[in-house]
Each structure stands twice: as structure tokens, then as C-alpha cells.
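Please examine the sequence and the structure shown below before reading further. The explanation then proceeds step by step through selected features.

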Amino acid sequence: MKKLIEKNCKNCKHYKQHYAYVFYEFKPINCGHCVNDEMSQSARNKIVDKLLPCAYWEGKEDESQSNIKKIEIELRYLKKKIDTIEYLLKNEITHFD
């Protein structure tokens, strides 16, 4: 059975959570903002302040899959960089042109 998701700002893909750096880690705070450009800034602020659903609400499930793909791409890029560093260290190449 699929879990019913409450359609408010915190569960919307357009909502960006704000964080505070506390004791060496980022923790979510009770604040955020909407990045949906299809609404005016004042309309977004009113909806976010009250955590109301709006006509542009979209679930975050789609965004999480997109983020996973972005992370995979970034990891492949980092692997290439690490492989290059490993090669340079193994071959004792210490100068860069």
C-alpha cells in the first residue's frame, strides 16, 4: 500500500530546506524557501510561511532519482581525477606543466 504524502511545502520538490551548522554538522532548521518561478515571490512567501499546498506542488520522489543520477556522474568524474593522482604518485611525477 502506497503511503499518502501530505502535500505541503516541505514535501515539494520546489522547496529548499535551510540548514544551520551546529557542532560540526549541518542540521535542518524550521525554515526554507520556494524556488518555483511560476509564482511571484510574494505568493511563494505566503504559501511557504503557512506550509500550504499550492497548484504547483510536485512530490520529491522525482527529484531524488535526479539527484542520484547527478551523484553518479560526479562520482565517475572524481574517480577519473583520483586515477590521475594515483598514476602521478606511482610514477613519481612531481611537477605540473
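In this predicted model, the sulfur of C34 lies 6.2 Å from the closest cysteine sulfur, which belongs to C54, and this is too far for a bond. A disulfide requires two cysteine sulfur atoms within 2.5 Å, so the separation of C34 and C54 does not qualify. How many disulfides does the model contain? The count comes to 0. C12 is likewise in no disulfide, for its nearest cysteine sulfur, that of C54, is 5.9 Å away. Are C12 and C34 buried or exposed? C12 has a relative accessibility of 6% and therefore counts as buried. C34, with 14% relative accessibility, also counts as buried, because the limit for this class is under 20%. Of the 97 residues of the protein, 15% count as buried.

The overall arrangement may now be considered. The protein has 2 helices and 2 strands, and along the sequence these follow the pattern β-β-α-α. Strand β1 comprises residues 15-22, and strand β2 comprises residues 25-34. The two strands run antiparallel and are joined by 7 bridges. As an example of the pairing, K16 has H33 in β2 as its bridge partner. Between the strands of this hairpin there are 2 residues. What sign does the phi of F23 take in the hairpin of β1 and β2? F23 adopts a positive phi, near 50 degrees.

F23 also belongs to a nonpolar surface patch of about 780 Å², which is made together with Y19, Y21, Y24 and F26. Y19, a member of this patch, lies in strand β1. With a relative accessible area of 49%, Y19 is partly exposed. Exposed residues must have over 50%, which means that Y19, at 49%, is not placed in that class. Y21, by contrast, is exposed at 53%, and F26 is exposed at 59%.

Which two residues form an aromatic pair? The model has 1 aromatic pair, and its members are Y21 and F26. A pair of aromatic rings is described by the distance of the centres and the angle of the planes. For Y21 and F26, the centres are 4.9 Å apart and the planes make an angle of 55 degrees. Why is this pair called tilted? Planes under 30 degrees apart count as stacked and those over 60 as edge-to-face; the angle of 55 degrees falls in neither range, so the pair of Y21 and F26 is tilted.

Note on methods. Residues are numbered from 1 along each chain as its sequence is written. This is a predicted model: local features need pLDDT of at least 70, side-chain atom pairs count only at pLDDT 80 or more; totals for chains, interfaces and linings use all residues. Side-chain values use heavy atoms; hydrogens and water are left out. Buried means under 20% relative accessible area, exposed over 50%, partly exposed in between (1.4 Å probe, protein chains only). Rings of Phe, Tyr and Trp (its six-membered ring) pair if their centres lie within 6.5 Å; planes under 30 degrees apart count as stacked, over 60 as edge-to-face and the rest as tilted. Patches are made of residues with over 30% relative accessible area and no salt bridge: like charges are joined within 9 Å, nonpolar side chains (Val, Leu, Ile, Met, Phe, Trp, Tyr) within 5 Å. Accessible areas come from the Shrake-Rupley method with a 1.4 Å probe; for residues, only the protein chains shown count as cover. A salt bridge is a side-chain nitrogen of Lys or Arg within 4 Å of a carboxyl oxygen of Asp or Glu. Helices (H or I, at least four residues) and strands (E, at least two) are DSSP runs, numbered from the N terminus. Two strands pair if DSSP finds at least two bridges between them.
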